[in-house]
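Have a look at the sequence and the 3D structure below. Then we'll walk through some of the details together, one topic at a time.

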Amino acid sequence: MTTRKTTPEAPRSILITGASSGIGEALALHYAAPDVHLFLSGRDAARLDAVVAACAAKGAAAAGRVVDVREAAAMERWIAESDALRPLDLVIAHAGISGGTGAGPESAQQVRAIFDVNVNGVFNTVLPVLPLMAARGRGQIAIMASLAGFSGWPGAPAYGASKGAVRLYGEALRGAVAALGVRVSVICPGFVESRMTGVNDYPMPFLMGSRRAAEIIAGRLSRNIGRIAFPWQSHALALGLSFLPFGLVSRILKNLPRKPAM
(Lines give C-alpha, C1' and ligand atoms only; values in the text may rest on other atoms or scores of the structure.)
Protein backbone atom coordinates (compact mmCIF):
# COMPACT_ATOMS: atom_id res chain seq x y z
CA MET A 1 0.00 0.00 0.00
CA THR A 2 1.35 3.43 -0.90
CA THR A 3 0.90 6.45 1.33
CA ARG A 4 -0.44 9.52 -0.43
CA LYS A 5 1.29 12.76 0.49
CA THR A 6 -1.12 15.44 1.58
CA THR A 7 -0.66 18.95 0.24
CA PRO A 8 -0.63 21.58 3.02
CA GLU A 9 -3.63 23.88 3.03
CA ALA A 10 -3.14 27.31 1.51
CA PRO A 11 -1.98 29.78 4.18
CA ARG A 12 -4.73 31.98 5.55
CA SER A 13 -2.75 33.98 8.10
CA ILE A 14 0.43 35.47 6.66
CA LEU A 15 3.00 37.89 8.05
CA ILE A 16 5.43 39.60 5.69
CA THR A 17 8.22 42.01 6.60
CA GLY A 18 9.35 44.56 4.05
CA ALA A 19 5.94 44.45 2.40
CA SER A 20 5.87 48.07 1.25
CA SER A 21 7.80 47.46 -1.98
CA GLY A 22 9.44 44.93 -4.27
CA ILE A 23 8.91 41.22 -3.80
CA GLY A 24 7.34 41.76 -0.38
CA GLU A 25 4.62 43.94 -1.87
CA ALA A 26 4.12 41.52 -4.75
CA LEU A 27 3.73 38.59 -2.33
CA ALA A 28 1.20 40.50 -0.24
CA LEU A 29 -0.88 41.22 -3.34
CA HIS A 30 -0.50 37.64 -4.57
CA TYR A 31 -1.85 36.16 -1.34
CA ALA A 32 -4.56 38.81 -0.82
CA ALA A 33 -8.01 37.21 -1.09
CA PRO A 34 -11.20 36.83 0.95
CA ASP A 35 -10.70 34.96 4.24
CA VAL A 36 -6.96 35.72 4.20
CA HIS A 37 -5.42 37.74 7.02
CA LEU A 38 -2.28 39.69 6.14
CA PHE A 39 0.04 41.27 8.69
CA LEU A 40 2.41 43.55 6.80
CA SER A 41 5.34 45.69 7.86
CA GLY A 42 7.48 48.26 6.12
CA ARG A 43 9.60 51.34 6.72
CA ASP A 44 7.57 53.80 4.65
CA ALA A 45 4.12 54.44 6.13
CA ALA A 46 2.62 55.90 2.96
CA ARG A 47 3.77 53.04 0.73
CA LEU A 48 2.70 50.49 3.33
CA ASP A 49 -0.76 52.05 3.62
CA ALA A 50 -1.13 51.83 -0.16
CA VAL A 51 -0.25 48.12 -0.15
CA VAL A 52 -2.67 47.45 2.74
CA ALA A 53 -5.45 49.26 0.83
CA ALA A 54 -4.72 47.30 -2.35
CA CYS A 55 -4.84 44.01 -0.43
CA ALA A 56 -8.08 45.02 1.27
CA ALA A 57 -9.57 45.82 -2.14
CA LYS A 58 -8.96 42.18 -3.08
CA GLY A 59 -10.96 41.05 -0.06
CA ALA A 60 -8.17 40.35 2.43
CA ALA A 61 -8.17 41.44 6.05
CA ALA A 62 -4.92 43.42 5.90
CA ALA A 63 -3.16 45.34 8.66
CA GLY A 64 0.07 47.32 8.38
CA ARG A 65 2.65 48.09 11.03
CA VAL A 66 5.62 50.43 10.67
CA VAL A 67 8.22 48.50 12.63
CA ASP A 68 11.99 48.27 12.35
CA VAL A 69 13.14 44.66 11.94
CA ARG A 70 16.32 45.59 13.81
CA GLU A 71 14.28 46.18 16.99
CA ALA A 72 13.97 42.74 18.57
CA ALA A 73 11.47 43.72 21.27
CA ALA A 74 9.19 45.59 18.86
CA MET A 75 9.26 42.68 16.42
CA GLU A 76 8.47 40.17 19.16
CA ARG A 77 5.46 42.26 20.28
CA TRP A 78 4.12 42.65 16.75
CA ILE A 79 4.49 38.96 15.94
CA ALA A 80 2.89 37.90 19.23
CA GLU A 81 -0.03 40.30 18.71
CA SER A 82 -0.54 39.11 15.14
CA ASP A 83 -0.39 35.45 16.11
CA ALA A 84 -2.88 36.03 18.94
CA LEU A 85 -5.37 37.53 16.48
CA ARG A 86 -4.96 34.76 13.92
CA PRO A 87 -2.37 31.97 14.39
CA LEU A 88 0.23 32.49 11.70
CA ASP A 89 0.43 29.90 8.94
CA LEU A 90 3.24 31.57 6.97
CA VAL A 91 5.88 34.10 7.93
CA ILE A 92 8.06 35.63 5.21
CA ALA A 93 11.21 37.39 6.42
CA HIS A 94 11.62 39.60 3.37
CA ALA A 95 12.89 42.94 4.70
CA GLY A 96 16.38 43.78 3.51
CA ILE A 97 18.66 46.52 2.26
CA SER A 98 21.58 46.54 -0.14
CA GLY A 99 24.63 48.59 -0.89
CA GLY A 100 27.86 48.21 -2.78
CA THR A 101 31.38 49.46 -3.02
CA GLY A 102 30.63 52.18 -5.59
CA ALA A 103 33.94 53.92 -6.22
CA GLY A 104 35.67 52.60 -3.13
CA PRO A 105 35.52 50.25 -0.12
CA GLU A 106 32.33 49.94 1.87
CA SER A 107 32.12 52.14 4.94
CA ALA A 108 31.92 50.54 8.37
CA GLN A 109 28.49 52.16 8.78
CA GLN A 110 27.19 50.53 5.59
CA VAL A 111 28.54 47.09 6.45
CA ARG A 112 27.02 47.14 9.92
CA ALA A 113 23.69 48.51 8.66
CA ILE A 114 23.36 45.79 6.02
CA PHE A 115 24.12 42.99 8.47
CA ASP A 116 21.84 44.49 11.10
CA VAL A 117 18.82 44.52 8.76
CA ASN A 118 19.54 41.48 6.60
CA VAL A 119 20.75 39.12 9.30
CA ASN A 120 19.51 40.38 12.67
CA GLY A 121 16.25 41.37 11.00
CA VAL A 122 15.75 37.77 9.90
CA PHE A 123 16.53 36.49 13.40
CA ASN A 124 14.12 39.01 14.91
CA THR A 125 11.39 37.70 12.59
CA VAL A 126 12.07 33.97 12.80
CA LEU A 127 12.95 33.47 16.46
CA PRO A 128 9.71 34.85 17.98
CA VAL A 129 7.43 32.82 15.70
CA LEU A 130 9.34 29.55 15.74
CA PRO A 131 8.21 28.40 19.22
CA LEU A 132 4.61 29.40 18.44
CA MET A 133 4.56 27.25 15.33
CA ALA A 134 6.42 24.41 17.02
CA ALA A 135 3.86 24.35 19.84
CA ARG A 136 1.08 23.95 17.25
CA GLY A 137 3.05 21.43 15.23
CA ARG A 138 2.54 23.34 12.00
CA GLY A 139 3.57 26.47 10.14
CA GLN A 140 5.92 27.70 7.47
CA ILE A 141 8.79 30.18 7.49
CA ALA A 142 10.37 31.68 4.37
CA ILE A 143 13.68 33.54 4.53
CA MET A 144 14.71 35.94 1.77
CA ALA A 145 18.28 35.21 0.71
CA SER A 146 19.73 35.87 -2.75
CA LEU A 147 21.79 34.29 -5.51
CA ALA A 148 24.33 36.97 -4.56
CA GLY A 149 24.96 34.90 -1.43
CA PHE A 150 26.51 32.03 -3.37
CA SER A 151 29.82 33.78 -4.15
CA GLY A 152 31.88 36.68 -2.84
CA TRP A 153 30.94 39.45 -5.27
CA PRO A 154 33.48 42.27 -4.80
CA GLY A 155 30.90 44.84 -5.88
CA ALA A 156 28.76 44.24 -2.76
CA PRO A 157 30.68 42.31 -0.09
CA ALA A 158 28.38 42.94 2.88
CA TYR A 159 25.18 42.34 0.94
CA GLY A 160 26.38 39.04 -0.50
CA ALA A 161 27.78 37.88 2.83
CA SER A 162 24.57 38.76 4.69
CA LYS A 163 22.46 36.84 2.20
CA GLY A 164 24.86 33.90 2.31
CA ALA A 165 24.55 33.86 6.09
CA VAL A 166 20.76 33.72 6.15
CA ARG A 167 20.70 31.15 3.34
CA LEU A 168 22.87 28.77 5.34
CA TYR A 169 20.91 29.50 8.50
CA GLY A 170 17.60 28.78 6.79
CA GLU A 171 18.80 25.61 5.10
CA ALA A 172 20.13 24.28 8.40
CA LEU A 173 17.02 25.36 10.28
CA ARG A 174 14.85 23.48 7.81
CA GLY A 175 16.35 20.17 8.90
CA ALA A 176 16.46 21.15 12.55
CA VAL A 177 12.74 21.85 12.92
CA ALA A 178 11.18 19.53 10.33
CA ALA A 179 10.25 16.97 12.98
CA LEU A 180 8.35 19.71 14.84
CA GLY A 181 6.03 20.23 11.87
CA VAL A 182 7.55 23.56 10.88
CA ARG A 183 8.54 23.96 7.23
CA VAL A 184 11.40 26.31 6.33
CA SER A 185 12.38 27.54 2.88
CA VAL A 186 15.05 29.95 1.68
CA ILE A 187 14.32 32.19 -1.29
CA CYS A 188 17.27 32.97 -3.58
CA PRO A 189 16.20 35.30 -6.39
CA GLY A 190 18.39 36.76 -9.08
CA PHE A 191 17.64 40.24 -10.39
CA VAL A 192 14.02 41.25 -9.72
CA GLU A 193 12.50 44.65 -10.48
CA SER A 194 12.33 46.61 -7.22
CA ARG A 195 13.52 49.78 -5.53
CA MET A 196 16.66 47.85 -4.60
CA THR A 197 17.61 46.97 -8.18
CA GLY A 198 16.30 50.28 -9.53
CA VAL A 199 19.54 52.03 -8.51
CA ASN A 200 21.73 49.63 -10.48
CA ASP A 201 23.23 51.37 -13.50
CA TYR A 202 24.48 48.22 -15.22
CA PRO A 203 22.85 45.39 -17.21
CA MET A 204 20.98 42.86 -15.07
CA PRO A 205 20.75 39.50 -16.88
CA PHE A 206 17.39 37.69 -16.74
CA LEU A 207 15.74 40.60 -14.92
CA MET A 208 12.29 39.49 -13.75
CA GLY A 209 9.19 41.39 -12.74
CA SER A 210 8.21 41.27 -9.06
CA ARG A 211 4.76 39.86 -9.84
CA ARG A 212 6.27 36.88 -11.66
CA ALA A 213 8.77 36.40 -8.83
CA ALA A 214 5.92 36.29 -6.31
CA GLU A 215 4.11 33.66 -8.39
CA ILE A 216 7.22 31.47 -8.44
CA ILE A 217 7.84 31.87 -4.72
CA ALA A 218 4.24 31.18 -3.68
CA GLY A 219 4.02 28.16 -5.97
CA ARG A 220 7.16 26.59 -4.60
CA LEU A 221 6.29 27.41 -1.00
CA SER A 222 3.03 25.52 -1.52
CA ARG A 223 5.13 22.49 -2.50
CA ASN A 224 7.49 22.96 0.47
CA ILE A 225 10.57 23.43 -1.71
CA GLY A 226 13.57 24.01 0.55
CA ARG A 227 15.61 26.28 -1.74
CA ILE A 228 13.60 28.50 -4.07
CA ALA A 229 16.23 29.76 -6.51
CA PHE A 230 15.36 31.50 -9.77
CA PRO A 231 15.66 32.22 -12.61
CA TRP A 232 17.20 28.86 -13.41
CA GLN A 233 19.85 30.39 -15.69
CA SER A 234 21.22 32.59 -12.90
CA HIS A 235 20.98 29.74 -10.40
CA ALA A 236 22.98 27.51 -12.72
CA LEU A 237 25.67 30.18 -13.08
CA ALA A 238 25.84 30.69 -9.32
CA LEU A 239 26.20 26.95 -8.71
CA GLY A 240 28.71 26.61 -11.55
CA LEU A 241 31.04 29.15 -9.96
CA SER A 242 31.18 27.05 -6.79
CA PHE A 243 32.85 24.22 -8.73
CA LEU A 244 35.64 26.40 -10.13
CA PRO A 245 39.00 27.07 -8.43
CA PHE A 246 38.80 30.07 -6.12
CA GLY A 247 41.56 31.92 -7.96
CA LEU A 248 39.65 31.69 -11.23
CA VAL A 249 36.39 32.71 -9.59
CA SER A 250 38.09 35.75 -8.05
CA ARG A 251 39.37 36.86 -11.45
CA ILE A 252 35.90 36.47 -12.96
CA LEU A 253 34.06 38.28 -10.20
CA LYS A 254 36.45 41.23 -9.88
CA ASN A 255 35.46 42.35 -13.37
CA LEU A 256 31.73 42.44 -12.62
CA PRO A 257 29.97 45.84 -12.21
CA ARG A 258 29.98 47.42 -8.78
CA LYS A 259 26.74 48.20 -7.02
CA PRO A 260 26.32 51.82 -5.87
CA ALA A 261 26.91 52.49 -2.19
CA MET A 262 23.97 53.25 0.10
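## Cysteines

Let's start with Cys 55: the model is a predicted one, and in it Cys 55 is buried, with a relative accessible area of 0%. Cys 188 is buried too, because its relative accessible area is 0% and anything under 20% counts as buried.

How many disulfides does a search of the whole structure find? The count is zero.

## Salt bridges

Side chains of opposite charge can pair when their charged atoms come close. Here you can find nine salt bridges. One of them joins Asp 35 and Arg 86, with 3.8 Å between the closest N and O atoms. This pair ties together distant parts of the chain, since the two residues are 51 residues apart. Asp 35 sits in the loop between helix H1 (22-31) and strand S2 (37-42), while Arg 86 is in the loop between helix H3 (72-85) and strand S4 (90-93). Are these two buried or exposed? Both land in the middle category: Asp 35 is partly exposed at 49% relative accessible area, and Arg 86 is partly exposed at 25%.

Another salt bridge brings together the side chains of Arg 70 and Asp 68, at 2.7 Å from N to O. Arg 70 counts as partly exposed, with 39% relative accessibility. Its partner Asp 68 is partly exposed as well, with a relative accessible area of 26%.

## Around Arg 167

Now for a spot with several contacts. Glu 171 and Arg 167 form a salt bridge, and their closest N and O atoms are 3.4 Å apart. What separates the two along the helix? They are four residues apart in helix H5 (residues 157-177), so about one helical turn lies between them. Glu 171 is partly exposed at a relative accessible area of 25%, whereas Arg 167 counts as buried at 11% relative accessibility.

That salt bridge isn't on its own, either: Arg 167, Glu 171 and Arg 227 are linked in a network of salt bridges. Arg 167 also has a ring to deal with. Its charged end sits over the ring of Phe 150, 4.2 Å from the ring's centre.

## Aromatic rings

A pair of aromatic rings is described by the distance of the centres and the angle of the planes. This structure has one aromatic pair. Why is the pair of Phe 123 and Tyr 169 called edge-to-face? Their ring planes are at 75°, with the centres 5.0 Å apart, so the pair gets that label; the cut-off for edge-to-face is over 60 degrees.

The two rings come from distant parts of the chain, 46 residues apart: Phe 123 belongs to helix H4 (residues 108-136), and Tyr 169 to helix H5. Phe 123 counts as partly exposed at 26% relative accessibility. Tyr 169 is also partly exposed, with a relative accessible area of 22%.

## Backbone details

Time to check the backbone. Where is the cis peptide bond? It joins Phe 230 and Pro 231, with omega at about -10°. You'll find Pro 231 in the loop between strand S7 (227-230) and helix H7 (232-242).

Remember Asp 35 from the salt bridges? It has a positive phi of about 70°, although it is not a glycine. Asn 224 isn't a glycine either, and its phi is positive at about 55°. Asn 224 is located in the loop between helix H6 (210-222) and S7. With 25% relative accessibility, Asn 224 counts as partly exposed.

## Leucines inside and out

Leu 38 is part of strand S2. Is Leu 38 buried or exposed? It counts as buried, because its relative accessibility is 1%. If you compare Leu 38 with Ala 28, the two are 10 residues apart in sequence, and their C-alpha atoms are 7.3 Å apart in space.

On the surface, you can look for a nonpolar patch formed by Leu 244, Leu 248 and Ile 252. Together these residues have about 200 Å² of accessible area. Leu 248 lies in helix H8 (residues 246-253) and is partly exposed, with a relative accessible area of 33%. That value fits the patch rule, because patch residues need over 30% relative accessible area.

Notes:
Residues numbered from 1 in each chain as written. Predicted model: local features only at pLDDT ≥ 70, side-chain atom pairs only at ≥ 80, totals over all residues. Heavy atoms only, no water. Patch = residues over 30% accessible without salt bridge, like charges linked within 9 Å, V, L, I, M, F, W, Y side chains within 5 Å. Areas by Shrake-Rupley, 256 points an atom, 1.4 Å probe, with all protein chains shown as cover. Salt bridge = Lys/Arg side-chain N within 4 Å of Asp/Glu carboxyl O. Buried < 20%, exposed > 50% of the residue type's maximum accessible area, 1.4 Å probe, protein only. Disulfide = S-S within 2.5 Å. Phe/Tyr/Trp six-rings, centres within 6.5 Å; stacked < 30°, edge-to-face > 60°. Lys NZ or Arg CZ within 6 Å of the ring centre and 35° of its normal.
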